[in-house]
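Dear colleague,

I am handing over a structure that I would like you to look through at your own pace. Please open it first, and then read the notes underneath with the view still in front of you.

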Amino acid sequence: MAHRIITQAVVVGARVFGRAFAEAYRQASASSKYAQSAAGSSSTSSNNFVSSGLTLDEACKILNVKPPQGGKANMEDVIERFKRLFDLNDPTKGGSFYLQSKILRARERIELEVREATEAAETEAELKKGWQPKVYKDR
């Protein structure tokens, strides 16, 4: 009798696990299809999502700064607003940890955008200049 109960428990457990796995796979598949279609419809890099899920526009609205124009932004203004808002939302002073994390992610997003634009400009300048290796004639 005990073997029958154990067998039923194993079969029911396997069935529940199988259904949960199938549902998780369906959700993951739908999520990846949605991400691909969203990435395909977005033609500019300024609207792409990063790991934090913030767009550049959202980050600029959170910190109340202008979006970087041509990869250049007033980073002193961004840092100043970040520090002020970050300190205002300190949980020990009655602020919100959620808002504090959003402010941090907004600053990181703007810095990422500026860094990517700077790196692209440096790469382009290096390509225009050409590769000039250092040659030591005394060797």
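**What was found**

Let me begin with E122, which is exposed, with a relative accessible area of 52%. Please keep in mind throughout that this is a predicted model, and that the values in this email were computed from it.

E122 belongs to helix 4, which covers residues 97–129, and together with E116, E119 and E126 it forms a negative surface patch. If you would like to practise with the class limits, E122 counts as exposed because its 52% lies over the 50% that the term requires.

**Salt bridges in helix 4**

How many salt bridges does the structure hold? There are six, and I will go through three of them here, including the one between E111 and R107.

In the salt bridge that joins E111 to R107, the closest N and O atoms are 3.6 Å apart. Both residues lie in helix 4 and are four residues apart, which corresponds to about one turn of the helix. E111 is partly exposed, with a relative accessible area of 23%, whereas R107 counts as buried at 18% relative accessibility. The two values fall into separate classes because buried is defined as under 20% relative accessible area, with partly exposed lying between that limit and 50%.

Another salt bridge links R109 with E113, and here the closest N and O atoms are 3.0 Å apart. Since R109 and E113 are four residues apart in helix 4, about one helical turn separates them. Are these partners buried or exposed? R109 counts as buried, at 3% relative accessibility, and E113 is buried as well, with a relative accessible area of 11%.

The side chains of K128 and E124 also meet in a salt bridge, with 3.6 Å from N to O. These residues, too, are placed in helix 4, four residues apart, or about one turn of the helix. K128 is exposed, with a relative accessible area of 68%, while E124 is partly exposed at 47%.

**The aromatic pair**

The structure holds one aromatic pair. The ring centres of F82 and F86 are 5.2 Å apart and the planes stand at 35°, so the pair is described as tilted. In general, a pair of aromatic rings is described by the distance of the centres and the angle of the planes. Where do the two residues sit relative to one another along the chain? F82 and F86 are four residues apart in helix 3, which covers residues 75–88, and are therefore separated by about one helical turn. F82 is buried, with a relative accessible area of 9%, whereas F86 is partly exposed, with a value of 27%.

**Helix 2 and the loop after it**

C60 has its place in helix 2 and is buried, with a relative accessible area of 4%. Although C60 and R107 are 47 residues apart along the chain, their C-alpha atoms are separated by 8.5 Å, and R107 is the residue that you have already met as the salt-bridge partner of E111.

In the loop between helix 2 and helix 3 you will find N64, whose phi is near 55°, a positive value in a residue other than glycine. As background, most residues other than glycine have a negative phi. N64 counts as exposed, at 56% relative accessibility.

P67 is found in the loop between helix 2, which spans 56–63, and helix 3, and P67 is partly exposed, with a relative accessible area of 33%. From C-alpha to C-alpha, P67 and L56 are 7.2 Å apart in space, while eleven residues separate them in sequence.

**A residue of helix 1**

Finally, please look at S31, which is found in helix 1, residues 2–41. S31 counts as partly exposed, at 45% relative accessibility. The C-alpha atoms of S31 and P133 are separated by 47 Å, and the two residues are 102 residues apart along the chain.

With best wishes

Terms used:
Residues numbered from 1 in each chain as written. Predicted model: local features only at pLDDT ≥ 70, side-chain atom pairs only at ≥ 80, totals over all residues. Heavy atoms only, no water. Patch = residues over 30% accessible without salt bridge, like charges linked within 9 Å, V, L, I, M, F, W, Y side chains within 5 Å. Areas by Shrake-Rupley, 256 points an atom, 1.4 Å probe, with all protein chains shown as cover. Salt bridge = Lys/Arg side-chain N within 4 Å of Asp/Glu carboxyl O. Lys, Arg positive; Asp, Glu negative; His and termini not counted. Charge placed at Lys NZ, Arg CZ, Asp CG, Glu CD. Buried < 20%, exposed > 50% of the residue type's maximum accessible area, 1.4 Å probe, protein only. Phe/Tyr/Trp six-rings, centres within 6.5 Å; stacked < 30°, edge-to-face > 60°.
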